[in-house]
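Trainee: I should like to learn how to read the strands, the symmetry and the chain contact of a model. Could we begin with the strands?

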There are 4 protein chains.
Amino acid sequence: MIKTAIIGASGYTGLELVKLISNHPKASLEAVTSNSYQGKSFTDIYPSMRGFESLVCTPFDAKTLSGNVDVAFLALPHKVSMAFAPQLLDQGIKVIDLSADFRFEDLKTYEAVYQPHTAPELLEESVYGLCEISREKIRKARIIGNPGCYPTSILLPMVPLLKEKLISPQGLVSDSKSGVSGAGRALSLTTHFCEVNESFGPYKVGNHRHTPEINEVLSIAAEQAVSLTFVPHLVPVTRGMVSTIYAQIRKGVDEKQIRDAFHRWYENEPFIRILPGGKYPNMSHIKGTNCCDIGFHLEPDSGRLIVVSAIDNLLKGAAGQAVQNMNIMFSIDEKTGLDWVQTPL
Amino acid sequence: MIKTAIIGASGYTGLELVKLISNHPKASLEAVTSNSYQGKSFTDIYPSMRGFESLVCTPFDAKTLSGNVDVAFLALPHKVSMAFAPQLLDQGIKVIDLSADFRFEDLKTYEAVYQPHTAPELLEESVYGLCEISREKIRKARIIGNPGCYPTSILLPMVPLLKEKLISPQGLVSDSKSGVSGAGRALSLTTHFCEVNESFGPYKVGNHRHTPEINEVLSIAAEQAVSLTFVPHLVPVTRGMVSTIYAQIRKGVDEKQIRDAFHRWYENEPFIRILPGGKYPNMSHIKGTNCCDIGFHLEPDSGRLIVVSAIDNLLKGAAGQAVQNMNIMFSIDEKTGLDWVQTPL
Amino acid sequence: MIKTAIIGASGYTGLELVKLISNHPKASLEAVTSNSYQGKSFTDIYPSMRGFESLVCTPFDAKTLSGNVDVAFLALPHKVSMAFAPQLLDQGIKVIDLSADFRFEDLKTYEAVYQPHTAPELLEESVYGLCEISREKIRKARIIGNPGCYPTSILLPMVPLLKEKLISPQGLVSDSKSGVSGAGRALSLTTHFCEVNESFGPYKVGNHRHTPEINEVLSIAAEQAVSLTFVPHLVPVTRGMVSTIYAQIRKGVDEKQIRDAFHRWYENEPFIRILPGGKYPNMSHIKGTNCCDIGFHLEPDSGRLIVVSAIDNLLKGAAGQAVQNMNIMFSIDEKTGLDWVQTPL
Amino acid sequence: MIKTAIIGASGYTGLELVKLISNHPKASLEAVTSNSYQGKSFTDIYPSMRGFESLVCTPFDAKTLSGNVDVAFLALPHKVSMAFAPQLLDQGIKVIDLSADFRFEDLKTYEAVYQPHTAPELLEESVYGLCEISREKIRKARIIGNPGCYPTSILLPMVPLLKEKLISPQGLVSDSKSGVSGAGRALSLTTHFCEVNESFGPYKVGNHRHTPEINEVLSIAAEQAVSLTFVPHLVPVTRGMVSTIYAQIRKGVDEKQIRDAFHRWYENEPFIRILPGGKYPNMSHIKGTNCCDIGFHLEPDSGRLIVVSAIDNLLKGAAGQAVQNMNIMFSIDEKTGLDWVQTPL
């Protein structure tokens, strides 16, 4: 049994982690911490969990977790994570961090986008937890930077195409759409029901913090600097994410080569589903699963490739991938605790 | 391993059954039948199931199921069920019928509300599968009439109060609200997106077919004829059901007696959650679970009791209760395969 | 031209008033005030109004309005209204107050529900602005307490039935459902998108502040104390309100008498639509209009009368009725500026 | 008074036209025709219109309209329009057709996308009714092909940029998103509530019929063949449309030139709103208006221009633009009957 703790359990990602670990046959939930709700039962925050979980939220304290916990999930805002992670590692507790604090290879990029880093040596040690791409490194890691939701939806289809040199690294565009849960549980006018309901539009055009995270990984794959044009949009649904990605194929590349590459990379991956020609992903197909669906269309005359990917932003885009990372780190079957479709309709 | 078949698997209740059985550790899915989709893969109907289920829909034929199947779930329209059920029983296959065909004690009531019954002897044999109320009969049954969603939401809180003679059997009102999935997958203007979205209102006022089903069970509990005023409403959400029930307490009854009764009946029931004072059920708390939440408020001066119950119409109101019935019939732990919260937000 | 000002224009009711007055052929908008947005253009708050309204929000100052404004709409929280209203009246500006501050006949009831009243003499003078019921008093009023949304939806159908002694004043129940805009624009977890979306449930069971407002008016109509059981519910839509009301008819009363009474009271009222038998109101039918739709069903055996009413909570339940009150006070055609259906679907 | 008829009034576009004409101060509605609802009151189809419109649907007959009607709006499926239009013109009735039948310059393109044209000479005569672009031709036209919703949202921002040679005609991409009302009122599984609600995804990738309509107009503007990559997506809201368009600027072009061009073309246009830098369109800002909002961002290094436009698919994308065309054809103020914001939230 892998003993786990969820640090910062009161947000939506925390809730997902609680559910996943509660149902996980080879992991147990030893502690949930929350600063704002300390001393409260977890079911006071989320009444849906009445009868399924009886833990009380405690304040964070690495020492009390010591010895009782093998791995901690950090569902915290960035900046808080980088303060907590070293304390946990010092107690011999592995860390899977869902903030941005341990996602970057390059310290300068991180600091340009976020703020000064207080644990730069851990940034160097940490592994970017995109499971299907970095499995071998994850297996040996003490600390994982769990990928952002938008990056996951874009990198899973794009890394193979760049690595295999099937598309041009120039002129990439991702027009991405996210459900509202991606904005978390903190109150704001942009997530106030009457403002979001029956609305749709782009936000943070040209300056979303996920762009440098995406570009760093794409550039490594392409072996040259890649600068993706990224425009996120907010869809008035609770969960789900779709990225419609536009790329230019390299000369001579045809549809079969694209399909073959996807199959080579992903046909044995339980959570990647390559759709047949003429079929495209939809939020409703992946909601409640840890899957990433990928479909594509090649415009024959223009050489324009349209790749569509879909994930559940709270699962494959956050808590699901975090549990998948745990499974890899502890050498158990990667599908354990993730092998179902939760949301029926 | 309990070997099951789902007859009429292409509707929303069928989908729920497929998911529940696919995840059930002590049951296997041997066949899915569908007339409209025969020869098609189940994942062609529901792409969310890609990678999780590989069955192909076959036409219904009781003989081919013989020997391979212990129990069949009938997710069929009424009238079709009463034709299929005898064929299955003849092959030694137990039947859990989700239509109205085997729910009534009284043949005349059934025939007044629906149509002539072609298997009246089975109607007599069948057990009304309200698990928490009729567990002992269910245990021995060959054929179950799985309760309707509205009846489940009303009977679970009302049967104890009537049996314990805490409320008057006169003047009962249930103002009930259902998500749209209750109307099924058949196309109609009333479930066309632009007609339902951002709308709300009552329907079938004074003539919903669930009223006689409810009254029959309430009358048995009260040992006198009960005639509930029932007004269903359609809420523009996919899943969930809330019933706000108004009753008059009998003289001298106080809040504590109500609470005690609920606890006596339900405190060891894993799927009934009696809420503390001042807390009320909400669709968001029960969605994706097999639970029925019950909360109540007693107006001290008027003696008016307000009871609120909530269920997931597709789970405790249909497929979840059907699986719970199967677990009872086959003497396994009643929670098996139902012990989680599916939909996180 | 009636010169108007909207005091507290930044909330949803304020927005509705701005739109109604902007389109009103016999009224002009001279000022919009807002404390939180002073100095900002109204279109910075509501970009939908770009090109349609160019006013800048000013802080409230009764003296600067003096001479330029005939009537002020107060779209303020209660307690603030009672401070501002006397200052406006002193400048000869009529007041239509949309808070609860001037709705009650009885000072003690107000103070029990809200707080000490600082302008009790105005409470006495003010007229409860339920247009179809109190038109003659409204015509002569200097200050109007504009009715709450729930009270409007309940009083319009119930006052005639009580006045005409067709129903018993005992045992009245209103099971009411509101869209989320009724909760306003202030941030709270209960109106956070992911908490409300795909949810449904009751709130403030047994203690909603609209209950005493409703009971006061019902008691006057019934000429005896009436104590309605009122249970509000939140529907995940932006606008609209439906009340399903349960009453007991008096002995000997039949359906025709009910229908005749409604027609006698309302057949010449442009904003009350009595539906034919078998038809019931729905949010989608009244959204964007100043109408109140009323339908009913009488259960023949039990004498239980089910009355369903629907209004747009922001129009007939707030800004629309406020403008109708203005039209009455200034002796212009009551339909002016309200004679359309705004929201097409 | 312009006397109008609406042919095919029972669909959503028909409803919008009925509302617009009912509120239009210089136009009257003389007839509404519907094959499926002939003999029925319009309010039987749309109960929201009770009290606002009393017409009864008649079958289509050009001769009975003769003399009573100046202009007919055809809210019909393509193929039906081309049969009805000549009959109306023969009676001296002008035609504004909302189907695709009279939108194309090139007969061959039309026939390749749709079917053989039975009135090719009228196709030649008809004017593509994109008001802000073709106003002078519209003024003199007998028959208008009212633009599609997607084309309107893309052409309004793109025609000026191509005409002014600010962007490259190669490599244009429009990632467009539409509310569900664009799919009309005909029943289908893709617009069934439970299938659309809480979903999001692309459809008709690479083969939507609006693509050739868009390309024809863009090619004229660019004076060379333009082949836009067009991917439409379905958003689970009733109304609204957003197009996020990606283009490459020509060498040396800067942001100011783009902004200046938009202002030159549109600053006096009442229905085009160019947003300031850093602000982007949203469905909630244009819903219920005849406006097209346009915002943009230029990536300095890559020269990638991101243009976002938003319209109400049923108004500027259909019925609103049709009425604007009527206003132009009959030489009245173009804003008449369109000068408001309907939907408040």
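**Strands, symmetry and contact**

Mentor: Asp175(C) stands opposite Thr244(C) in β11(C). Please bear in mind that this is a predicted model.

Trainee: Over how many bridges do strand β8 and strand β11 of chain C pair, and in which sense?

Mentor: Two strands count as paired once at least two bridges are found between them. Here, β8 (residues 173–178) and β11 (residues 241–248) of chain C are joined by six bridges in the antiparallel sense.

Trainee: What is the order of the open sheet in chain C?

Mentor: Its seven strands run β9-β10-β8-β11-β14-β13-β12, and the pairing is mixed. The edges are β9 (201–202) and β12 (272–274) of chain C, each of which pairs on one side only.

Trainee: Which rotation superposes chain C on chain A?

Mentor: A rotation of 180° does so, with 0.0 Å of shift along its axis and an RMSD of 0.0 Å. That is the relation of a two-fold axis. In chain C, the C-alpha nearest the axis belongs to Phe193(C), at 2.1 Å.

Trainee: How many residues does each chain bring to the contact?

Mentor: Residues are in contact if their C-beta atoms, placed from the backbone, lie within 7 Å. The contact takes 14 residues from chain C and 14 residues from chain A. On the side of chain C, helix α9 (residues 193–196) supplies the largest share, three residues. That side divides into seven nonpolar, five polar and two charged residues.

Trainee: Why do the copies meet through the same surface?

Mentor: They do so because 100% of the interface residues of chain C are also interface residues in chain A.

Definitions and conventions: Residues numbered from 1 in each chain as written. Chains lettered and ligands numbered in written order. Predicted model: local features only at pLDDT ≥ 70, side-chain atom pairs only at ≥ 80, totals over all residues. Least-squares fit on C-alpha atoms with pLDDT ≥ 70 in both. Contact = placed C-beta atoms within 7 Å. Helix = DSSP H or I, 4+ residues; strand = E, 2+ residues; numbered from the N terminus. Nonpolar A, V, L, I, M, F, W, Y, C, P; charged D, E, K, R; others polar.
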